[in-house]
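Please examine the sequence and the three-dimensional structure shown here before reading on. The explanation is intended to be read alongside them.

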Amino acid sequence: MSAKLKSFLLVLIPFTLLFFGIQFYIVGLVKEQEGTFFYNTWSIYVFHFFVTLIIYMLVLFVNKILPDKTGFVFMGCSLLKMMAAFVFLLPLIQVKEQYGINDVFAFFIPYFLFLFLETFYVLKIINQK
C-alpha cells in the first residue's frame, strides 16, 4: 500500500465516522418529528466511503502510469460517481410513497462532503509536479 493511500485512509476513515455520527444523531432527531427515512444512514455512508476510496485508488493508479491524464480520470470518475448515485437513489425515486426532501438532503450532503475531500486530495496529487 502506497504512502499516499495510507495517508488518505487516515483521513477518510475518521472523516466518515465523524460525519456518520453527526448525521445519525440528526436523522434520529428528525425521525422523531417527521417519520422514517427511505435509506439508513449507514448505507449512505458505506456507499460514499467505498466510491470515494475506489476513485482515489484509480486516480493514484493512473497518476503512476500517465500523470498527465490524472485530471481527466478524476473528471470521468466524478461522472461515474454521479451515475452511481442515481442508480443508488433509483429505488427512492421509483417508490410510490412520497418521501420528503429530508431523504435527498440525507444523501446529498454527504455526497458533497466526500466530493470535497476527493477533490482536495486529487488536487494535491495533480499539483505535485
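The paragraphs below go from the overall architecture to individual helices, and then to selected side-chain interactions.

The structure is a predicted model. Its secondary structure consists of four helices and zero strands, and the order of elements from the N terminus is α-α-α-α. Taken along the principal axes, the C-alpha atoms fill a box of roughly 50 × 30 × 20 Å. The chain has 129 residues, of which 36% count as buried. Contacts across the sequence are prominent in the count: among those between residues at least 6 apart, 77% join residues at least 24 apart. The chain exposes about 8,300 Å², and carbon and sulfur atoms supply 74% of that area.

Helix α1 covers residues 3-34. Its 32 residues should span 46 Å at 1.5 Å a residue, and because its end C-alpha atoms are 45 Å apart, the model agrees with that expectation. The buried residues of α1 are L5, F8, L9, L12, F15, T16, Q23 and V27. The cover over these residues includes α2 and α4. An α-helix has 3.6 residues a turn, so residues three or four places apart point the same way. Just after α1, G35 takes a positive phi of about 105 degrees.

L5 offers a detailed view of one buried position in helix α1. Its relative accessible area is 12%, and L5 is therefore classed as buried, the limit being under 20%. Not counting residues up to four places away in sequence, L5 touches L53, Y56, M57 and L60. One of these partners, M57, is 52 residues from L5 in sequence, yet the two C-alpha atoms are 7.2 Å apart in space.

Helix α1 also contains L29. At 40% relative accessibility, L29 counts as partly exposed. Together with L18, I22, Y25 and I26, L29 makes a nonpolar surface patch of about 500 Å².

Helix α4 comprises residues 101-126, and its 26 residues should span 38 Å at 1.5 Å a residue; the end C-alpha atoms are 36 Å apart, which agrees. The buried residues of α4 are D103, A106, F107, P110, Y111, F114, L117, E118, Y121, V122 and I125. What covers them includes α1, α2 (41-65) and α3 (70-94).

A view of α4 from the α3 side is provided by S78, which lies in helix α3. S78 has a relative accessible area of 12% and is therefore buried. Leaving aside neighbours within four places in sequence, S78 is in contact with Y111 and L115.

How many salt bridges does the chain contain? The count comes to two. In one of them, K81 pairs with E118, and the closest N and O atoms are 2.8 Å apart. This pair links distant parts of the chain, with K81 in helix α3 and E118 in helix α4, 37 residues apart. Both K81 and E118 are buried. The other salt bridge joins K69 and D68, with the closest N and O atoms 3.9 Å apart. K69, at 37% relative accessibility, counts as partly exposed.

Aromatic rings form a further set of interactions, with a count of 20 aromatic pairs. F38 and Y39 make an edge-to-face pair, 4.9 Å centre to centre, with 85 degrees between the planes. F38 is partly exposed because its relative accessible area is 26%, whereas Y39, at 16% relative accessibility, counts as buried. F49 and F50 also form an edge-to-face pair, 5.2 Å centre to centre, with 85 degrees between the planes. In that pair, F49 counts as buried at 15% relative accessibility, while F50 counts as partly exposed at 44%. Ring pairs also link F38, Y39, F47, F88, F107, F108, Y111 and F112 into a cluster. Two members of this cluster, F107 and Y111, are among the buried residues of α4, and Y111 is also a contact of S78.

Conventions:
Residues numbered from 1 in each chain as written. Predicted model: local features only at pLDDT ≥ 70, side-chain atom pairs only at ≥ 80, totals over all residues. Heavy atoms only, no water. Patch = residues over 30% accessible without salt bridge, like charges linked within 9 Å, V, L, I, M, F, W, Y side chains within 5 Å. Areas by Shrake-Rupley, 256 points an atom, 1.4 Å probe, with all protein chains shown as cover. Salt bridge = Lys/Arg side-chain N within 4 Å of Asp/Glu carboxyl O. Buried < 20%, exposed > 50% of the residue type's maximum accessible area, 1.4 Å probe, protein only. Expected span 1.5 Å × (residues − 1). Contact = heavy atoms within 4.5 Å. Phe/Tyr/Trp six-rings, centres within 6.5 Å; stacked < 30°, edge-to-face > 60°.
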